[in-house]
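Dear colleague,

I am passing on the structure that we spoke about, and my notes on its strands and its nonpolar cores follow below. Please read them with the model open beside you.

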Amino acid sequence: MNINVLSLFPPMFEGVFQQSIMKKAQEKNAVTLNVVDIREFANNKRQVDDYPFGGGAGMVLKPEPIFNAVESLTTAKKPRVILMCPQGERFTQQKAEELAGEEELVFICGHYEGYDERIREHLVTDEISIGDFVLTGGELAAMTIIDSVVRLLPGVLGNADSPVRDSFSTGLLEHPQYTRPADFRGWKVPAVLTSGNHAKVDQWREAQMLKRTLERRPDLLEQIELTAEQKKIIDELKKQKR
């Protein structure tokens, strides 16, 4: 995958892109990460913003620098151009999985009061928000999404099964995890996990995923199609709470 990021502050990405999984993904040639300075594509002395027509507070990002920057990157196949914006659709694990199937992504990170509307109408393919709050700029949001996508690329994680049971990938929250020592300060690992019975371990994990989701994010249960066995487990869990 090839990922380009348009930003007014490219140095913000240096540390993130050179650490942990992001660094390993590049070393494995699973992804190329390129950060572009929007100011380099401005027509007038690196000016990227101007006052809004009709008046109002703040400054608006001009269309020319952003169009010029994206068009300088465009390959024969039109890439997904993603606008980081609090008005966009809420980012989810399912969206991360969708984007992970693309060959090229372009992220536009805004600042100031907003974007010239023509950028939305004629350039971008997706508008994405990471939550119902406002950041100073789109850089941190773009980093979050890129990390979420890159870890899903083939060969990036050491264990191919790692992303499969992540929270939200199955529609449920992930089950509890334990490691050595089996007894820490008197707090013991559930016996089923050290039993060696893989079928029972899978059953325990499934029940714990349902339990944790019911307790912490019951709204997620309304968004997936539960099996008869899962519904039975949930009914039992609800009875235990009464």
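In strand β8, Ile128 stands opposite Glu89, and β8 (residues 126-129) runs parallel to β5, to which five bridges join it. Strands count as paired here if DSSP finds at least two bridges between them, and the numbering of elements runs from the N terminus over DSSP runs, with helices (H or I) of at least four residues and strands (E) of at least two.

This is a predicted model, in which local features need pLDDT of at least 70 and side-chain atom pairs count only at pLDDT 80 or more, while totals for chains, interfaces and linings use all residues. Residues are numbered from 1 along each chain as its sequence is written, and side-chain values use heavy atoms, with hydrogens and water left out.

β5 also runs parallel to β6, the two being joined by four bridges, and Val81 stands opposite Val106 in β6. Between these strands the chain passes through α4 in a right-handed β-α-β crossover (with the strands pointing away from the viewer, the path from the first strand over the helix to the second runs clockwise).

The largest nonpolar core has 51 residues, and those touching the most other members include Leu6, Phe107 and Tyr115; such a core is a set of buried Ala, Val, Leu, Ile, Met, Phe, Trp, Tyr and Cys residues joined through side-chain atoms within 4.5 Å, where buried means under 20% relative accessible area with a 1.4 Å probe, protein chains only. Among the elements supplying at least two residues each are β1 (2-7), β5 (80-90) and α6 (139-150), and α6 gives the most, with seven. A second, separate core of nine residues includes Met209 and Leu237.

Best wishes

Note on methods:
Buried < 20%, exposed > 50% of the residue type's maximum accessible area, 1.4 Å probe, protein only.
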